[in-house]
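This report describes the strand pairing, the main pocket and two loop residues of a single protein chain. The sequence and the structure are shown first.

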Amino acid sequence: LMMNSSLGRFLGVEQYATLCYMKYLRRDGKIEIINAGHPYPILQQSDGEVEVLDLVGDVLGIHDTVECRSRSIPVAAGHRLFIYTDGLIESYGDSQGKVGNRIWGTEKLVEQISNRRDLSLEDTVDSIIDDLVKQCDGTLEDDVVLMVVEF
């Protein structure tokens, strides 16, 4: 709540911030995640199964009060956690070439992640970004960040 209040004073009118905060609890074999309006993280298990982690939370800096839920998620060796900005999922064009569809973009990202399970982390990120840039003819409308952590 203090962060939201501070951002509200710092940011201009109609500006906001999103946040995805994670803490890895090695002894417990889990991560704790709090999400504030950020695109949902994606967890890929070591067997390749992919899950979009539905973590609803309000953006920060606009509203006087916000609600951000936390979730504890078990992780094991070989699990991969993908965190990304909305520019990644909103840059994928759908079958008609329309961009900005978050649902379609998230489905496309899940497909991209699933198809790259056997690649290294660096090659996974590079090839997903390369495919996106190619699809967009080298022109991206928004910032694109993709980070992956392997446990």
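## The four-stranded sheet

Two strands count as paired if DSSP finds at least two bridges between them. On that basis, in this predicted model, 4 strands form an open sheet in the order β4-β3-β6-β7, with antiparallel pairing. The edge positions belong to β4 (50–52) and β7 (146–150); each has a single partner strand, so one side of each is left without a neighbour in the sheet. From one strand to the next, the twist averages 20 degrees.

Within this sheet, β3 and β4 run antiparallel and are joined by 3 bridges. One of the residue pairs involved places Q44 opposite V50, its bridge partner in β4. A helix also meets the sheet: α4 lies across β6 (80–84) and β7, and runs at about 155 degrees to β7.

## The three-stranded sheet

A further open sheet has 3 strands in the order β1-β2-β5, and its pairing is antiparallel. Here β1 (19–25) and β5 (70–74) stand at the edges; each has a single partner strand, so one side of each lacks a neighbour in the sheet. Neighbouring strands are turned against each other by 20 degrees on average, direction ignored.

The antiparallel pairing of β1 with β2 extends over 7 bridges, and L25 has K30 in β2 as its bridge partner. These two strands form a hairpin with 4 residues between them, in which G29 takes a positive phi near 65 degrees. On the pairing of β2 with β5, the strands run antiparallel and are joined by 5 bridges. The bridge partner of E32 in β5 is S72, while I34 stands opposite S70 in the same strand, β5.

## The largest pocket

Rolling a probe the size of a water molecule over the atoms shows where empty space is left. In this model the largest pocket holds about 370 Å³ of space. Its lining consists of 19 residues, of which T18, G37, H38, P39 and R102 lie nearest the centre of the pocket.

Two helices take part in the lining: α2 (86–91) and α3 each supply at least two residues. By class, the lining has 9 nonpolar, 7 polar and 3 charged residues.

## Residue G37

G37, one of the residues nearest the centre of the largest pocket, is found in the loop between β2 (30–36) and β3 (42–44). Is this residue of the loop buried, partly exposed or exposed? G37 has a relative accessible area of 21%, which places it just above the 20% limit under which a residue counts as buried, so G37 is partly exposed.

Leaving aside its neighbours within four places in sequence, G37 is in contact with T18, G57, D58 and V59. T18 is also among the residues nearest the centre of the largest pocket. With D142, G37 shows a C-alpha separation of 17 Å, the two residues being 105 residues apart along the chain.

## Residue R116

R116 is found in the loop between α3 (102–114) and α4 (121–135). Its relative accessible area is 10%; because this is under 20%, R116 counts as buried.

Which residues does R116 contact, neighbours within four places in sequence left aside? The contacts are R80, T124, S127, I128 and D131.

Definitions and conventions
Residues are numbered from 1 along each chain as its sequence is written. This is a predicted model: local features need pLDDT of at least 70, side-chain atom pairs count only at pLDDT 80 or more; totals for chains, interfaces and linings use all residues. Side-chain values use heavy atoms; hydrogens and water are left out. Buried means under 20% relative accessible area, exposed over 50%, partly exposed in between (1.4 Å probe, protein chains only). Contact means heavy atoms within 4.5 Å. Axes are lines fitted to C-alpha atoms, for helices over the stretch in contact, and angles run from 0 to 180 degrees between N-to-C directions. On a 1 Å grid over the protein atoms alone, a cavity is a set of points where a 1.4 Å probe fits but cannot get out, and a pocket is an open set with protein on both sides within 12 Å along at least five of seven lines; lining residues have an atom within 4 Å of a point. Grid points are joined across faces, edges and corners, and a volume is the space filled by probe spheres set on the points. Ala, Val, Leu, Ile, Met, Phe, Trp, Tyr, Cys and Pro count as nonpolar, Asp, Glu, Lys and Arg as charged, and the others, Gly among them, as polar.
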